[in-house]
Amino acid sequence: MSMSMDPPMPRHILKVTDLTAEEVADILRLARAMKRDRDRYNEALKGDTLLMLFEKPSLRTRVSLETGMHQMGGHGVFYSIDNSPLGKKESISDTGKVLSRMVQGISGRVNSRESIRGLSKVSSIPVVNALDDYAHPMQMLADILTIQEKFGDWKGLTMAYFGDLENNMTYDLMRLAAMMGFNFRMAGEGVIEESVWEEVNEIVKTTGVTVERMKTSEEAISGVDIVYCDSWMSYGIPKEIEEQRIKMFMPFQVTSDLMKLANPKAIFMNCLPAARGMEQTAEVIDGEQSVVFDQAENRLHAQKALLVMLLRPHAFKWYLTRL
């Protein structure tokens, strides 16, 4: 009498360090191949469905996920939970169990880390964080792919980040740099959560890079290879505190004069949406050093490779052997 085996544990990606550096490198290998030859992978996720939960709106996230699933022969289902957050109408446990019987994967763009963590604990299919208040792993994959395209490698590079330091982008960029092995400086306002520092400080013991907060923008940007900033007005920022935030972050605006202090071959990045005249000037984001639209496009390719790794891990390994 044969004994039934427990199904394999699903893989959840809630922050970029839920992947290893080696896995990120493999995802990038497949992403580059998918970018070169889309048609070769048009059945990679044939018949699979990704449920995309959105508590926060996003143009790039929705379009890149839906398009990516379509290009690989699968289907992306958009479902707004803006007016019905997870756990409100029914328990997160019930939601996770039901969805696990209907679709092959779940992505969630939510306000709080608690929602996506709760869903991952009860789902028997992969759950991917498409953004919460603690991390943004899909954006990290697009960013490191862009850096690789522009420099060939990220080892030995230095990135400087400016503006709001108390947010998901700062936290995951800190993790990404520590894990992948490039230096990271930041200048801005906000309190970085202690759990992020603890994780990053532990990782750099192995990789040997530096992750540090600087007092001024000039100190942070000196000689760096990558300049990065993000919106000062993330979704959900109350209108009445916008002026206060502008005043607080304006000393860290990326200008043409500030860019002159970076490596002359430095690139400028912003995960978009961007506001010209706020986190950066129009001259910077529309200038020759800006790679923001390459960066945005790479959301599509990096996410496609990640989804194959999560939804079809055996196929992912098979594709890698043929690159």
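**Exercise 1. Asp230 and its surroundings**

Find where Asp230 lies in this predicted model, decide whether it is buried or exposed, and list which residues it touches.

*Solution.*
- Step 1: start with the secondary structure. Asp230 sits in the loop between β8 (226–229) and α9 (242–249).
- Step 2: turn to accessibility. The relative accessible area of Asp230 is 8%; buried means under 20%, so Asp230 is buried.
- Step 3: collect the contacts, leaving out residues up to four places away in sequence. Asp230 then touches Tyr161, Phe162, Asn167, Met169, Asn270, Cys271 and Glu279.
- Step 4: take one of these partners, Asn167. Asn167 and Asp230 are 63 residues apart along the chain, and their C-alpha atoms are separated by 9.8 Å.

**Exercise 2. An aromatic cluster**

Work out how the rings of Tyr41 and Tyr319 are arranged, and which residues form one aromatic cluster with them.

*Solution.*
- Step 1: take the pair itself. The ring centres of Tyr41 and Tyr319 are 5.0 Å apart and the planes meet at 65°. Planes over 60 degrees apart count as edge-to-face, so that is the label for Tyr41 and Tyr319.
- Step 2: place the two partners on the chain. Tyr41 belongs to the loop between α1 (21–36) and β1 (49–54), while Tyr319 belongs to helix α13 (residues 313–321); the pair, 278 residues apart, links distant parts of the chain.
- Step 3: add the next ring. Trp318 and Tyr319 also form an edge-to-face pair, with 5.4 Å from centre to centre and 70° between the planes.
- Step 4: join the pairs. Tyr41, Trp318 and Tyr319 make one aromatic cluster.
- Step 5: compare accessibility. Tyr41 counts as buried at 1%, and Tyr319 counts as buried at 11%, whereas Trp318 is partly exposed at 45%.

For context, the protein has seven aromatic pairs by this rule.

**Exercise 3. Two buried residues in regular structure**

For Gly105 and Gln303, name the element that holds each residue and list what each touches.

*Solution.*
- Step 1: begin with Gly105. This residue lies in strand β3 (residues 105–109), and its relative accessibility of 0% counts as buried.
- Step 2: list the contacts of Gly105, again without neighbours within four places in sequence. They are Thr49, Leu50, Leu51, Ile125, Pro126 and Leu311.
- Step 3: check a residue elsewhere in the chain. Thr255 is 150 residues from Gly105 in sequence, and the two C-alpha atoms are 41 Å apart in space.
- Step 4: move on to Gln303, found in helix α12 (residues 292–311). Gln303 has a relative accessible area of 2% and is buried.
- Step 5: list its contacts under the sequence filter of up to four places. Gln303 touches Ser64, Leu65 and Met138.

**Exercise 4. Backbone details**

Look at Leu272, Pro273 and Leu131: what is the peptide bond from Leu272 to Pro273, and what is phi of each leucine?

*Solution.*
- Step 1: read omega. It is near 5° for the bond from Leu272 to Pro273, and the bond is cis.
- Step 2: locate the bond. Leu272 is in the loop between β9 and α11, and Pro273 is in the loop between β9 (267–270) and α11 (282–285).
- Step 3: read phi of Leu272. The value is about 65°, positive although the residue is not a glycine.
- Step 4: read phi of Leu131, a residue of strand β4 (residues 127–131). Here phi is near 140°, again positive in a residue other than glycine.
- Step 5: add accessibility. Leu272 counts as buried at 15%, and Leu131 counts as buried at 8%.

**Exercise 5. The whole chain**

Now step back: how many helices and strands does the protein have, and what share of its residues count as buried?

*Solution.*
- Step 1: count the elements. There are 13 helices and nine strands.
- Step 2: test the overall size. The radius of gyration is 20 Å, close to the 20 Å from the globule rule for 323 residues, so the protein is as compact as a globular protein of that length.
- Step 3: describe the extent. Along the principal axes, the C-alpha atoms fill a box of roughly 70 × 45 × 35 Å.
- Step 4: find the buried share. Of the 323 residues, 54% count as buried.
- Step 5: look at contact range. Among contacts between residues at least 6 apart in sequence, 75% join residues at least 24 apart.
- Step 6: finish with surface and charge. About 15,000 Å² is accessible, and 52% of this belongs to carbon and sulfur atoms. The 38 positive and 44 negative charges have mean positions 5 Å apart.

Notes. Residues numbered from 1 in each chain as written. Predicted model: local features only at pLDDT ≥ 70, side-chain atom pairs only at ≥ 80, totals over all residues. Heavy atoms only, no water. Helix = DSSP H or I, 4+ residues; strand = E, 2+ residues; numbered from the N terminus. Rg over C-alpha atoms; globule rule 2.2 N^0.38 Å. Buried < 20%, exposed > 50% of the residue type's maximum accessible area, 1.4 Å probe, protein only. Contact = heavy atoms within 4.5 Å. Areas by Shrake-Rupley, 256 points an atom, 1.4 Å probe, with all protein chains shown as cover. Lys, Arg positive; Asp, Glu negative; His and termini not counted. Charge placed at Lys NZ, Arg CZ, Asp CG, Glu CD. Phe/Tyr/Trp six-rings, centres within 6.5 Å; stacked < 30°, edge-to-face > 60°.
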